[in-house]
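Hi,

Here is the structure I promised to send over. Have a look at it first, then read on for what turned up.

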Amino acid sequence: MRGLLLLLAAATLQAADDVPSWARDAAAQIVPNYPAKVNSVVLLREETVTVEIDGKRVMRERGAIKIVQPGASVEAYRTYNTKNGRIRDFQGWLIPPTGKATSYPKNRIVDVAVSRDDVYDEARAKVLECGSAAPGSVFAWEVTEEEKTVFTQDAYTFQGQDPVLLSRFIVNLPAGWETRGIVFNRDKTEPQVSGASHTPLWSILPRK
């Protein structure tokens, strides 16, 4: 029985020497003291949207969450449109407070319907659950989605229920394109522009 349990554990998580530097940098941050009701803290929440001249968009999402209380329920969730887009890549890692980091195998990523009430819906989602993790562990992931669309609008949520240390939204545009943004609950600010990259200033000042 012991050998079987070890085999199952090995199939769930795999040793990972290739944890990206951005994930390790996020995990190294010092987390402030929060009330006991806070189960997890978002160390990094980032989305980079690269728009091509024909309107095709490639979205790269990165996230890192630190578990601060036992039994915290944490997952990475990414929606996509089956008609116009796809999830090109999805990776996840678990960095424990002590010990070696592990990566999640592809079979841990589940494809689910966004709506269970509709007969047919083009919206679906990829989900990766963190699973049981000790306090102090960091759950990190990276998702790459691509979509061909005629729409030139996008939306980004900088913060949900959990505290956030760093949240940002970056747009890379073709030559001749420009960005205009509306931020709710904040004064209007101009983005930082470096070549084709547009990063809103308010993205680095989330509310704790």
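**What the chain looks like**

The protein chain has 2 helices and 12 strands. Keep in mind that this is a predicted model. If you follow the sequence from the start, the elements come in the order α-β-α-β-β-β-β-β-β-β-β-β-β-β.

How much of the chain is buried? Of its 208 residues, 39% count as buried. As for who touches whom, take the contacts with a separation of 6 or more: 71% of them are between residues 24 or more positions apart. On the outside, the accessible surface of the protein chain is about 12900 Å², and carbon and sulfur atoms make up 52% of that.

**A pocket to look at**

Rolling a probe the size of a water molecule over the atoms shows where empty space is left. Try finding the second largest pocket, which has a volume of about 700 Å³. Its lining is made of 32 residues, and the ones nearest its centre are Arg-45, Glu-61, Tyr-77, Trp-141 and Thr-157.

Which strands each supply at least two residues of that lining? They are strand 2 (40-51), strand 3 (56-67), strand 4 (75-81) and strand 9 (138-148). Strand 3 gives the most, with 7 residues.

Sorted by class, the lining of this second largest pocket holds 12 nonpolar, 12 charged and 8 polar residues. To get your bearings, you could start by clicking on Arg-45 and Trp-141, which are among the residues nearest the centre of the pocket.

Cheers

Technical notes. Residues are numbered from 1 along each chain as its sequence is written. This is a predicted model: local features need pLDDT of at least 70, side-chain atom pairs count only at pLDDT 80 or more; totals for chains, interfaces and linings use all residues. Side-chain values use heavy atoms; hydrogens and water are left out. Helices (H or I, at least four residues) and strands (E, at least two) are DSSP runs, numbered from the N terminus. Buried means under 20% relative accessible area, exposed over 50%, partly exposed in between (1.4 Å probe, protein chains only). Contact means heavy atoms within 4.5 Å. Accessible areas come from the Shrake-Rupley method with a 1.4 Å probe; for residues, only the protein chains shown count as cover. On a 1 Å grid over the protein atoms alone, a cavity is a set of points where a 1.4 Å probe fits but cannot get out, and a pocket is an open set with protein on both sides within 12 Å along at least five of seven lines; lining residues have an atom within 4 Å of a point. Grid points are joined across faces, edges and corners, and a volume is the space filled by probe spheres set on the points. Ala, Val, Leu, Ile, Met, Phe, Trp, Tyr, Cys and Pro count as nonpolar, Asp, Glu, Lys and Arg as charged, and the others, Gly among them, as polar.
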